[in-house]
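Work through the exercises below with the sequence and the structure open. Each task is followed by a solution in steps.

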Amino acid sequence: MSAGTPFAGLDLRRVEEAGLNGLQTQRQLFYDGWLLRVSPGKAKRARSVNAHFGSTLPLARKIPYCERIYAERGLPALFRITPFLVPPDLEAELSARGYESFEETRVQLAALDRPPDPQPVAGVEIVTPSPSAFADAVSDLQQTSAEQRDAFLERIAYTPLTTRAMTAVMDGRAVGTGTVMLEDGLAGVFTMGTAADVRGRGIASGLLAALLAWGWEHGATHAYLQVSADNHRAISLYRRFGFVDAYSYHYRGRPGECH
C-alpha cells in the first residue's frame with residue numbers, strides 16, 4: 001500500500017462514476033442527464049437522484065418530476081449531493097424548497113501498489129458464497145426486510161462488473177461480509193459488515209485484506225470505498241489499510257422523509 005497521496009492523478013469524477021456503476025439496479029431511469037434510482041433496498045444510493053451527468057431543463061420542472069416518480073413508487077424523494085452536481089446550484093434550490101441535509105458519507109481512496117498482508121483469524125474461514133447465500137448473509141447482518149434483501153440480490157446477481165463477494169464464517173454462521181467490484185483499474189469495496197457480537201476480533205481486517213488482495217491480483221491499482229462519517233470504528237480500520245478521504249457526499253430529503 002502506498003504511503004503517498006492515493007488519488008494523485010485520478011479523476012475523482014471518474015471514481016464517482018465507478019461508484020455508481022458498483023451499485024447497478026434494473027429499477028432506474030435517466031431524466032435529462034440525471035440518474036433516478038428507485039430500488040426499494042436499504043442502500044440510499046439505490047433509491048435516490050444522482051445529478052451527475054448533463055442537465056438542460058430548469059430545476060423548477062425537474063425537481064417536481066423527480067418527486068412524482070418517487071411518490072408513485074412509495075419512496076421518499078432523496079437527492080444525493082456530491083461535489084460534482086449538475087447543475088451546481090441544485091443543492092441551493094433544494095434547500096430553498098425545504099429539503100434537509102443528512103447522512104454525510106466519506107469516499108476514501110487507497111493506492112494498491114502491492115497486496116496487503118493476509119490477516120487470518122483463528123476459527124474464521126473466508127469463503128465465496130453464491131449470490132443468494134451472500135444476500136442472506138447481508139440481510140441477516142443488516143436486519144433488512146425480505147423486499148430489501150431481494151432488491152440487493154437483484155443488484156449483486158446482475159451487476160455487469162467483475163465482482164467477488166466474500167463472507168467470514170465462524171461455527172457455520174456468516175459473521176462478516178464484503179464485496180469488491182472492479183472497473184478500469186479501480187477496486188470498489190462495498191457491503192462491509194460484521195456481526196455485533198464478534199466485533200473487535202479482526203474479522204473485518206481479514207475480510208478487507210482478502211478483498212483488496214483479490215482486487216490487486218486482478219489488476220486494480222487503486223481501491224475506493226464509502227463510509228459513514230460517524231462510523232469511527234470503520235474509518236480507523238480503513239486508515240490502517242491506507243485509505244484517506246477523497247471527497248464526501250450527503251443527501252437531501254423533505255422533513256420526515258430523511259431515511
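## Exercise 1: a residue in a strand

Threonine 167 has a relative accessible area of 3% and is buried. The model is a predicted one.

Task: Explain why threonine 167 counts as buried, and state where threonine 167 sits and what threonine 167 is in contact with.

Solution.
1. Buried means under 20% relative accessible area. Threonine 167 has 3%, so threonine 167 is buried.
2. The position of threonine 167 is in strand 7.
3. Neighbours within four places in sequence are set aside; the contacts of threonine 167 then include Glu125, Ile126, Val127, Pro129 and Phe134. Ala137, Gly176, Thr177 and Leu207 are also in contact with threonine 167.

## Exercise 2: two aspartates

Task: For aspartate 32 and aspartate 171, find the phi angle, the loop and the exposure class.

Solution.
1. Aspartate 32 is not a glycine, yet its phi is positive, about 50 degrees. For aspartate 171, also not a glycine, phi is positive at about 55 degrees.
2. Aspartate 32 lies in the loop between strand 1 (28-31) and strand 2 (34-37), and aspartate 171 in the loop between strand 7 and strand 8.
3. Exposed means over 50% relative accessible area, and partly exposed lies between that and the buried limit of 20%. Aspartate 32 is at 22% and therefore counts as partly exposed, whereas aspartate 171 is at 77% and counts as exposed.

## Exercise 3: the nonpolar cores

Task: Describe the largest nonpolar core and name the element that gives the largest share of this core.

Solution.
1. The largest nonpolar core has 31 residues, and Ile203, Leu212, Tyr238 and Phe243 touch the most other members.
2. Elements that each supply at least two residues of this core include strand 7 (162-170), strand 8 (173-183), helix 6 (203-217) and helix 7 (232-240).
3. Helix 6 gives the largest share, seven residues.
4. Beyond neighbours within four places in sequence, tyrosine 238 is in contact with Gln108, Met192, Leu208, Leu225, Val227 and Phe243.
5. A second, separate core has 24 residues, among them Phe84, Phe134, Val138 and Leu161.

## Exercise 4: the whole chain

Task: Which radius of gyration would a compact globule with 259 residues have, and which does the protein chain have?

Solution.
1. A compact globule with 259 residues would have a radius of gyration near 18 Å.
2. The protein chain has 18 Å, so the two agree.
3. The C-alpha trace spans about 55 × 40 × 30 Å along its principal axes.
4. Of the 259 residues, 51% count as buried.

Terms used: Residues numbered from 1 in each chain as written. Predicted model: local features only at pLDDT ≥ 70, side-chain atom pairs only at ≥ 80, totals over all residues. Heavy atoms only, no water. Rg over C-alpha atoms; globule rule 2.2 N^0.38 Å. Buried < 20%, exposed > 50% of the residue type's maximum accessible area, 1.4 Å probe, protein only. Core = buried A, V, L, I, M, F, W, Y, C linked by side-chain atoms within 4.5 Å. Helix = DSSP H or I, 4+ residues; strand = E, 2+ residues; numbered from the N terminus. Contact = heavy atoms within 4.5 Å.
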